[in-house]
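Thanks for coming. I have one structure to go through today, and I will take it piece by piece. Please have it on your screens.

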Amino acid sequence: MNSWWFRMKPRSILRTIEWFPYFAALEGKNWNLKDEYKKSKNTKQPINIIRREYIYNAHKEGLKLSYDEFMSGEYDEVDVESAARNDKISFEFFGFGYVDNKNIVKVTDIGKLIVNKKMNDEFLLKQLLKLQFPSPIVKKKYKGNHVFAMEILIEVFKHFKYLTQLEIGLLFGCMDIKEVDITIEAIKKFRNKYNNLTNKLKTKDVMKIYKDILKNTYPKIKNKPMTYIDYADAFIRALTYTGLFLTRGRGIYTKLYIPEHSKVKIKLLQEKYKFIYNNERNLDLYMKYFGSPYNIILPWDNKEDRKIIVNNKMKNYKNIIKQEKQINKEFFIKNLPEIEKLIQSKEYKKLVIADEKLSESLLNINEQIFIQSLSKRRSSRKEIINKFEDINKGNEDMAALWLEVNTWKSLVAINGKHKVKRNFKIEEDLTPKSFAPGGGNTPDMEVYFNGFIIIPEVSLMSGVRQWEHEGSSVIDHVLKFIEEYKEKDVYGIFISKKMNVRLIWQFFILNKESWIGRNVPVIPITIEQYVDVISHIYIYELDINIFIELISKINKNALNVSNYMEWEVNINNIIKEWKNENTTNNKILKHQHK
């Protein structure tokens with residue numbers, strides 16, 4: 001084994017976590033159980049009953065067959081069971097579950113947390129910290145030394161403020177932490193040569209530098225250079241779910257960096273966390289260790305190091321308050337005397353409470369700064385548009401969470417005296433919170449302006465699932481506000497990549513009438529259409545009232561056409577007309593952004 005690796009199928013660990021409960025439901029069953037009387041049309045081999053049960057339940061969205069048809073094997077155009085084999089390897093790689101030496105499906109303690117919806121960023125961090133090469137789940141022989149993925153990463157981060165995807169690709173050749181200096185020098189060489197390029201966007205030249213340095217640094221590795229770039233992509237995606245790392249940029253230009261709120265924790269890991277290799281070779285005993293969420297302690301799980309984090313956070317908060325007083329003199333740290341008293345405590349629980357209260361206060365301050373100042377800047381608006389494009393093109397791993405956050409930000413960034421209330425959790429720096437629980441029976445967000453209330457709902461579901469899961473909930477949310485605010489005009493907006501035909505039909509009918517004796521207006525709009533609208537609003541400095549006019553026009557059109565198909569086509573035309581009206585009647589304003 002001349003290099004280590006990272007699981008790439010699927011690229012997103014979020015998908016692995018999403019699919020795992022269907023694997024866990026098979027606990028105790030024989031993973032290799034076959035039906036000798038049924039054969040796959042594609043492979044000509046007897047079908048595997050348990051693997052097909054898993055595929056049908058976990059990947060039902062992509063299937064067009066009934067359960068009996070799928071289980072018969074008679075309709076196989078490809079090797080459908082290969083997806084089950086791939087997913088099993090991913091579950092084992094992260095320690096969620098495994099198939100033992102008797103081919104029985106087993107679920108670990110961390111896997112049980114996933115099933116019970118109790119997975120969080122620190123549990124994932126612990127799994128990544130324990131990820132070692134070799135191990136019983138990494139079925140490759142390796143002579144001599146061992147390596148931890150996270151140990152190499154955090155050691156390299158001592159020397160750099162960020163790492164690009166290509167630079168992380170260079171980490172996989174480091175097979176001994178004692179030789180990490182070789183990797184660090186390789187990254188420095190890459191960065192120097194990259195900085196000397198005349199055209200840094202010429203991908204061919206950038207890739208040549210990467211390939212040459214990879215080959216010269218690790219002459220014994222056998223995988224193709226692109227393989228390590230793919231490993232890096234998957235590794236980066238997993239790291240963002242630990243809550244300690246963020247990314248900016250796209251593709252090979254993606255940069256992984258440590259945000260301000262994580263720097264103390266990373267430093268504590270670098271200085272105090274001990275990577276201890278587990279040489280257990282019995283699969284069951286190893287997976288009992290690897291799959292336990294409680295057998296390693298993070299540095300900040302003790303009161304001394306937690307106090308370091310809290311004191312540093314307090315220092316940063318006071319600096320922010322001092323700087324931002326010029327924007328709003330009323331900015332202050334909420335419950336400051338109480339927090340300072342908690343910090344002096346010798347009890348760990350009270351330090352945790354102080355940490356939580358400081359985080360809540362910082363979030364409130366950063367949110368107010370964004371609302372009052374940052375949101376109207378050209379740079380902020382550009383980031384919003386770029387993030388929507390990443391979501392729409394599939395370039396954002398935390399797409400569902402970012403769609404909520406970015407839609408909220410986009411509405412705040414519109415001129416006007418409206419209020420946008422979010423009903424989801426976010427980090428202190430206004431980025432999505434990993435593994436954030438849903439808001440329950442509440443809309444994603446609420447927009448209030450004069451006599452209007454807008455209820456935006458966002459979703460990345462598609463097909464029948466979109467209609468089944470979103471149709472009733474969106475309507476119920478809008479209906480609740482109609483009944484509660486009878487004196488106001490209430491509109492719902494449903495934003496998604498694509499619209500299921502049944503959902504559009506349902507919204508069309510409800511824009512005309514409903515069972516409550518009046519209409520329940522919900523406007524379906526794709527992400528692409530929404531970006532077109534808010535981009536126009538930002539360019540021409542239009543206010544929230546103009547946006548509401550557009551929503552009202554789309555609603556009224558449903559009353560004037562005979563069927564939902566005509567209405568769906570007309571939405572694009574209405575947006576075009578609205579843009580023309582708000583271009584010819586307005587001169588482009590000169591942007592006076594800070």
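I'll start with a single residue, L14, which sits in helix 1, residues 13–24. Keep in mind that this is a predicted model. Is L14 buried, exposed or partly exposed? Its relative accessibility is 21%, and since buried means under 20%, L14 counts as partly exposed. Its C-alpha is separated by 16 Å from that of A232, a residue 218 places away along the chain.

Next, the hairpin. Strand 1, residues 34–39, pairs with strand 2, residues 46–48, in the antiparallel sense, and there are three bridges between them. Within that pairing, K39 stands opposite P46 of strand 2. Six residues lie between the two strands of this hairpin, and in the turn K44 has a positive phi of about 70°.

Moving along the chain, look at T108. You will find T108 in the loop between strand 4, 105–107, and helix 5, 109–115. With a relative accessible area of 6%, T108 is buried. Which residues does T108 touch, leaving aside those up to four places away in sequence? They are G95, F96, G97 and Y98, together with M287 and G291.

Now a pair of helices. Helix 18 runs over residues 399–412, which is 14 residues. From first C-alpha to last, helix 18 reaches 19 Å, close to the 20 Å expected at 1.5 Å a residue. Of its 14 residues, 13 are buried, so helix 18 is largely enclosed by the rest of the structure.

Its partner here is helix 17, residues 378–393; the two axes come within 10 Å and cross at roughly 150°. Angles over 145 degrees count as roughly antiparallel, and helix 17 and helix 18 are therefore roughly antiparallel to each other. The crossing of helix 17 past helix 18 is left-handed. Which residues meet across this pair? From helix 17 we have I384, K387, F388 and I391. On the helix 18 side they meet A399, W402, L403, N406, T407, K409 and S410. As a reminder, an α-helix has 3.6 residues a turn, so residues three or four places apart point the same way.

Last, the sheet. Five strands make up an open sheet, ordered 10-11-12-13-14, with mixed pairing. Strand 10 and strand 14, the latter at 522–526, are the edge strands, each pairing on one side only. From one strand to the next, the twist averages 20°.

Let me take strand 10, residues 419–422, in more detail. Strand 10 pairs with strand 11, residues 445–449, in the antiparallel sense over four bridges. K419 stands opposite Y448 in strand 11, and K421 has E446 of strand 11 as its bridge partner. In a regular strand the side chains alternate between the two faces of the sheet. Which residues of strand 10 are on the covered face, and which on the uncovered one? V420 and R422 are on the covered face, while K419 and K421 are on the uncovered face.

At the other edge, helix 21, residues 527–539, lies across strand 13, 489–496, and strand 14. Helix 21 runs at about 90° to strand 14. That is what I have, and I'm happy to go back over any part.

Conventions:
Residues numbered from 1 in each chain as written. Predicted model: local features only at pLDDT ≥ 70, side-chain atom pairs only at ≥ 80, totals over all residues. Heavy atoms only, no water. Buried < 20%, exposed > 50% of the residue type's maximum accessible area, 1.4 Å probe, protein only. Pairing = 2+ DSSP bridges. Expected span 1.5 Å × (residues − 1). Axes fitted to C-alpha atoms, helices over the stretch in contact; angles between N-to-C directions. Parallel < 35°, antiparallel > 145°, perpendicular 65-115°, else oblique. Left-handed = near helix turned anticlockwise from the far one by under 90°. Contact = heavy atoms within 4.5 Å.
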